[in-house]
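Let's take a friendly tour of the hollows and the surface of a protein. Please open the structure and follow along as we go.

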Amino acid sequence: MEISCYAVSQITVYLVSFSESDGMEVGRAPAQFPAMFVLGDSLVDNGNNNGLSSLAKSNYLPYGIDFPGGPTGRFSNGNTIVDFLGDLLGLPLLPAFTATFTGERDVRSGVNFASAAAGILDESGLNLVNSYPTLVIVTHGDRFSLSQQVQNLGSTLNQLRNQMDEVELKQYLRKSLVVMNIGSNDYINNYLKPSFYSSSSTYNPEDYADLLIMNYAGQIMALYRLGLRKFLLAGIGPLGCIPNQLATGLAPPGKCVSAVNDMVRIFNKRLKSLVDQLNANHTDAGAIFVYGNTYGAFNDILGSPATYGFSATDRGCCGIGRNRGQITCLPFSIPCSNRDEYIFWDAYHPTQAFNEIIAQEAYSGSQSACYPINVKQMAQV
């Protein structure tokens, strides 16, 4: 997620039609990157958890109620940020990594490796393991952590080596875009669950952010060593404002949980500093690291929701309990009908109306949206 300053109204009216089967859209402009590789969590997952033994799944209605392919495993009523961003870049909808095992899905335009409940730390999200057996497509437990996603990308590169020679592959990787959107679960499904994790008693918020950034930097550099050079690193949004956290009752009416937001700001400050460090240390031609100001995006929209077409800012469109955030969207629940007026789709995730705003700002926003340059400018580097 990035930032705002872009108003939309009815985004259920499409000028192009998305197709999960052929991955193409009518009237798409020429691609600005040869490929986009996505690593992250449920905010950008497009179905990698569908066959895993996990409670973090969304391959059922009403998820996908506004997506042409129905409930594909996206944690929204419709498109995710990377769906919209890919369209702006002239790229087709990306296949989920787990859909590429047979070799029938074309991976040359990129692959989505994101996995719901994944965190920067391997243990984050472990609390969402299913307690009962289920059909498992792959055997890596209940979610693909960031380290596993990096390994999975390496597997995809082996497929690409069968389609390109080494010189062609090197140039392809140098020009491709990597989008990384992760870190939320290291808080909401780790640090903020002291009954399950010891992290909050082991680390203060500053030291915990340092731990996350150290691990994150290691995985970014692993991708760099594979030959990738263009990175969009999304910060964490104000988790203290999501329905799940508001439902705890720890914030005054109309306010967010400030203690949680304070933790997130520490992480984001360190992530932006990491971007400066990476850009200073890696000056080879075409290398660029960009920080996406997710926190600023949410704050701009929460501060003036009507400007962006939103009327509901503190509750999910689908969910149960206080703020519709105590129990998230269950199978065959009845969601709100005015979905484009809601920032949040469920207890944790935004609607596609919000996602489209963020994608547009990631693509062409100001330096306060994407630092030091936006994605459109990245394509020219």
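## A loop and its phenylalanine

Start with F332, which sits in the loop between β6 (312–316) and β7 (342–344). Keep in mind that this is a predicted model.

Is F332 buried or exposed? Its relative accessibility is 67%, so F332 counts as exposed, given that the cut-off for this class is over 50%.

## A nonpolar patch

F332 has partners on the surface: with L61 and I65 it forms a nonpolar patch. Together, these residues have about 310 Å² of accessible area.

## The largest pocket

Now look for the largest pocket, which holds about 790 Å³ of space. Its lining is made of 42 residues, and those closest to the centre of the pocket are L55, A56, L128, T328 and Y348.

What kinds of residues line this pocket? There are 23 nonpolar, 15 polar and 4 charged residues in the lining. Helix α4 (residues 185–191) supplies the largest share of this lining, with 3 residues.

## The cavities

Next come the enclosed spaces. How many cavities of 30 Å³ or more does the structure hold? There are 2 of them, and the largest cavity has about 40 Å³ of space.

Try finding the residues around the largest cavity: M36, N46, R74, V82, D83, G86, P92, L93, L94 and N112 line it. Sorted by class, this lining has 5 nonpolar, 3 polar and 2 charged residues. Helix α1 (residues 81–88) contributes the most to the lining of the largest cavity, giving 3 residues.

Terms used: Residues numbered from 1 in each chain as written. Predicted model: local features only at pLDDT ≥ 70, side-chain atom pairs only at ≥ 80, totals over all residues. Heavy atoms only, no water. 1 Å grid on protein atoms, 1.4 Å probe; cavity = no way out; pocket = protein on both sides within 12 Å on 5 of 7 lines; lining within 4 Å. Points joined across faces, edges and corners; volume = space filled by probe spheres on them. Helix = DSSP H or I, 4+ residues; strand = E, 2+ residues; numbered from the N terminus. Nonpolar A, V, L, I, M, F, W, Y, C, P; charged D, E, K, R; others polar. Patch = residues over 30% accessible without salt bridge, like charges linked within 9 Å, V, L, I, M, F, W, Y side chains within 5 Å. Areas by Shrake-Rupley, 256 points an atom, 1.4 Å probe, with all protein chains shown as cover. Salt bridge = Lys/Arg side-chain N within 4 Å of Asp/Glu carboxyl O. Buried < 20%, exposed > 50% of the residue type's maximum accessible area, 1.4 Å probe, protein only.
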